[in-house]
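The following paragraphs lead through a protein model, from its overall make-up to its individual residues. Please keep the sequence and the three-dimensional view at hand while reading.

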Amino acid sequence: MWMLVPVASALKLLSAFVQPLGSLWSSLGPLFLWLRAALCGAGGERGRPQRGRREPGDTSREEEETSDPPTTPTSVNYHFTRQCNYKCGFCFHTAKTSFVLPLEEAKRGLLLLKEAGMEKINFSGGEPFLQDRGEYLGQLVKFCKQEMQLPSVSIVSNGSLIRERWFQKYGEYLDILAISCDSFDEQVNVLIGRGQGKKNHVENLQKLRMWCKDYKVAFKINSVINRFNVDEDMKEQIKALNPVRWKVFQCLIIEGENSGEDALREAERFVISDEEFEGFLDRHKDVSCLVPESNQKMRDSYLILDEYMRFLNCRNGRKDPSKSILDVGVEEAIKFSGFDEKMFLKRGGKYVWSKADLKLDW
């Protein structure tokens, strides 16, 4: 019994301490739990990579974020020949080779472009009607429209070799025919290099305009503004011909083509200033079909395919070729094209280019 007294006293004493400690724990308990959760959360964050965060040395997401989507070749200019019957002094795609792809190889390349997203093909040169008297070109035009079902097929030509029988055979497959005409003064055409001997370039232009109307082909005019025609007033003649578009280019220097030691032309004497070009545009501002292209707009805004089906990069003031799409495919070759898609859209590169949509009064 004598030991029960001290035990009872001890229990009373312990009860006196436990009561305030319980009250204190009830106050501090939530704080301890919050700290524990925060510390565990931080440890968990460090222990595993988070979505949206990169670990040190992880470049996979960086590559994913910076890689651009493949360029779509919406509109392609295929210069399948460099040969020409004219000698325009400012020409920037000169007769440096006589090579022309076999017809079936050219068709194979065109199919590759269609699979990559091409909607419009423009055939140019050189002079495209020079090869097989226009038969090679006609076969490509028909293939692109009839077999490939392209929305737009167009040609740029000097017009001197086109005959009405070509329209009779292939006109239905062609959307737009663009004829190069830099002056309505025949003496100026001779100075530029578009002389046809006894033939008159301007008279031929009017005949081609009539054929385009007869065979339901949209008619377009391309003019290069240079030292010899910069002061000319073409308003009345252009309005009378009434093309769907009048593309007006500023004379452009391309090293290796019309400038430099290995060039076949010397275009320096044809060059005009930006101010002179603007003056020409201002004089013709009332011509509704006018589509101007300065050197800045023109240089990198075209997808140019040469006679080997290589894209030509003009960013450095010359034409640096890619590998051929026939060897490496479109997606790989187009990476080296230097194509500026934003400028292409800014200059109006995409427009109503199918004659079915133009709704012309033939």
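A residue is termed buried when its relative accessible area is under 20%, exposed when it is over 50%, and partly exposed in between, with a 1.4 Å probe and protein chains only. The model is a predicted one, in which local features need pLDDT of at least 70 and side-chain atom pairs count only at pLDDT 80 or more, while totals for chains, interfaces and linings use all residues. Residues are numbered from 1 along each chain as its sequence is written, and side-chain values use heavy atoms, with hydrogens and water left out.

The protein chain has 362 residues, of which 46% are buried. Its secondary structure comprises 14 helices and 10 strands; these are DSSP runs numbered from the N terminus, helices being H or I with at least four residues and strands E with at least two. About 19800 Å² of the chain's surface is accessible, and carbon and sulfur atoms account for 52% of that area; such areas come from the Shrake-Rupley method with a 1.4 Å probe, and for residues only the protein chains shown count as cover. A contact is defined by heavy atoms within 4.5 Å. Of the contacts between residues at least 6 apart in sequence, 74% join residues at least 24 apart.

Helix H3 (103–115) is a suitable element with which to begin. The expected span of a helix is 1.5 Å times one less than its number of residues. For the 13 residues of H3 this gives 18 Å, and the end C-alpha atoms lie 19 Å apart, which agrees. Buried in H3 are Ala-106, Lys-107, Gly-109, Leu-110 and Leu-113. Viewed down the axis of H3, the buried residues fall within an arc of 160°, so they line one face of the helix; the arc is that of the directions from the helix axis to the C-beta atoms. Glu-104 and Glu-115 are exposed residues on the face of H3 turned away from the buried side. After H3 comes Gly-117, with a positive phi near 115°.

The loop between S1 and H3 contains Phe-90. Phe-90 counts as buried because its relative accessibility is 4%. Although Phe-90 and Ile-253 are 163 residues apart along the chain, their C-alpha atoms are separated by 7.8 Å. Beyond its neighbours within four places in sequence, Phe-90 has contacts that include Asp-182, Ile-192, Val-224, Cys-251 and Phe-270.

A second helix, H9 (residues 274–283), buries Phe-277, Phe-280 and Leu-281. Down the axis of H9 these buried residues fall within an arc of 100°, so they too line one face of the helix. They pack against strands S5 (218–225), S6 (245–250) and S7 (290–293).

Aromatic rings deserve separate attention. Rings of Phe, Tyr and Trp (its six-membered ring) pair if their centres lie within 6.5 Å; planes under 30 degrees apart count as stacked, over 60 as edge-to-face and the rest as tilted. The structure has 15 aromatic pairs. One of them is the stacked pair of Phe-99 and Tyr-308, at 4.5 Å centre to centre with 15° between the planes. This pair links distant parts of the chain, 209 residues apart: Phe-99 lies in the loop between S1 (75–79) and H3, and Tyr-308 in the loop between S8 (304–305) and S9 (310–313). Phe-99 is partly exposed because its relative accessible area is 29%, and Tyr-308 is likewise partly exposed, at 31%. The pair of Tyr-351 and Trp-353 is edge-to-face, because the ring centres are 5.7 Å apart and the planes are at 75°. Trp-353, at 5% relative accessibility, counts as buried. Elsewhere, ring pairs join Phe-129, Trp-166, Phe-167, Tyr-170, Trp-211 and Tyr-215 into a cluster.

Two rings carry a charge over the face, a term that requires NZ of Lys or CZ of Arg within 6 Å of the ring centre and within 35 degrees of the ring normal. Arg-245 lies over Tyr-351 at 3.6 Å from the ring centre, and Arg-347 over Tyr-302 at 3.7 Å.

Finally, some backbone angles merit inspection. Most residues other than glycine have a negative phi, and most peptide bonds are trans. Gly-125 and Gly-126 are joined by a cis peptide bond with omega about 15°. Gln-149 has a positive phi near 60° and, at 56% relative accessibility, counts as exposed. Lys-216 has a positive phi near 55° and is partly exposed, at 43%.
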